[in-house]
Amino acid sequence: MLRCTASRLLSRNVSRTSVPWRSTFRAFTSGPASSLSDLQITDRCVEMIQKLKQKDWIKNKDHAKLRVIVEGGGCSGFQYNFSVDDEPGLAEDDVVFEKEGAQVVIDQESLRHLKGSTIDYKDELIRSSFVVAENPNSEKNCGCGSSFASKVS
């Protein structure tokens with residue numbers, strides 16, 4: 001069942017561990033309600049998030065989620081940063097997309113650059129990682145696909 005709700009969440013510091021990671025989902029946010037079409041999560045991404053939640057190095061398995069951040073850098077201007085966040089609580093500007101118990105968290109500023117995108121998990125010969133498979137806000141991507149030029153100003 002897909003659903004979108006809004007709720008007020010507590011601020012907190014985010015601990016991150018870089019990891020690459022797909023999802024049916026509901027979205028909730030501490031700010032204005034987001035549309036479920038703001039982000040697509042593939043089934044492969046959901047599967048990998050669920051597998052990561054079982055790893056020994058995850059301290060708080062019940063709170064483990066994939067965090068996606070867009071930050072300045074890379075050869076095209078912006079780059080994607082994927083990490084596992086297992087701390088309870090969320091920052092005020094976090095938007096959570098949930099599918100089959102797997103959660104993807106994106107801050108409101110990063111979501112501006114990711115609206116309409118698809119989060120997937122790719123398993124290739126040279127690397128396995130979470131990826132932004134389709135980003136309608138991207139003007140161009142670098143060769144490796146980890147950075148992009150944004151249409152959003």
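## Aromatic rings

This structure, which is a predicted model, holds two aromatic pairs. In one of them, the ring centres of Y121 and F130 sit 5.0 Å apart and the ring planes meet at 75 degrees, so this pair is edge-to-face. The cut-off behind that label is an angle over 60 degrees.

Step back a little and you'll find that Y121 and F130 belong to one aromatic cluster together with F82. Are Y121 and F130 buried or exposed? Y121 has a relative accessibility of 10%, so it counts as buried; the cut-off is under 20%. F130 is buried too, with a relative accessible area of 3%.

## Strand 5 and its partners

Now let's look at strand 5, which covers residues 65-72. Six of its eight residues are buried, so the rest of the structure largely encloses this strand.

Which way does strand 5 run relative to strand 6? The two pair in the antiparallel sense, over eight bridges, with strand 6 spanning residues 78-85. One spot to find on screen is G72, whose bridge partner in strand 6 is F78. Strands 5 and 6 make a hairpin with five residues between them, and there G73 takes a positive phi near 140 degrees.

Strand 5 also pairs with strand 8 (residues 102-107), this time in the parallel sense and over three bridges. Here V68 stands opposite I106 of strand 8.

## The nonpolar core

How many residues are in the largest nonpolar core? It has 27, and the ones with the most contacts inside it are L66, F82, V104, I106 and F130. Helix 1 (residues 43-53) gives this core its largest share, five residues.

V104 is a good one to click on. Leaving aside residues up to four places away in sequence, V104 touches L39, I41, I49, L66, V68, V95, V96 and F97.

## A three-stranded sheet

There is also an open sheet of three strands, in the order 4-9-10, with mixed pairing. Strand 4 (39-41) and strand 10 (128-134) are the edge strands, each pairing on one side only. From one strand to the next, the twist averages 30 degrees.

Strand 4 and strand 9 (residues 117-123) run parallel and are joined by three bridges. To spot this pairing, look for I41, whose bridge partner in strand 9 is I119.

Where does helix 1 lie? This helix lies across strand 4, strand 9 and strand 10, and runs at about 65 degrees to strand 9.

Note on methods
Residues numbered from 1 in each chain as written. Predicted model: local features only at pLDDT ≥ 70, side-chain atom pairs only at ≥ 80, totals over all residues. Heavy atoms only, no water. Phe/Tyr/Trp six-rings, centres within 6.5 Å; stacked < 30°, edge-to-face > 60°. Buried < 20%, exposed > 50% of the residue type's maximum accessible area, 1.4 Å probe, protein only. Helix = DSSP H or I, 4+ residues; strand = E, 2+ residues; numbered from the N terminus. Pairing = 2+ DSSP bridges. Core = buried A, V, L, I, M, F, W, Y, C linked by side-chain atoms within 4.5 Å. Contact = heavy atoms within 4.5 Å. Axes fitted to C-alpha atoms, helices over the stretch in contact; angles between N-to-C directions.
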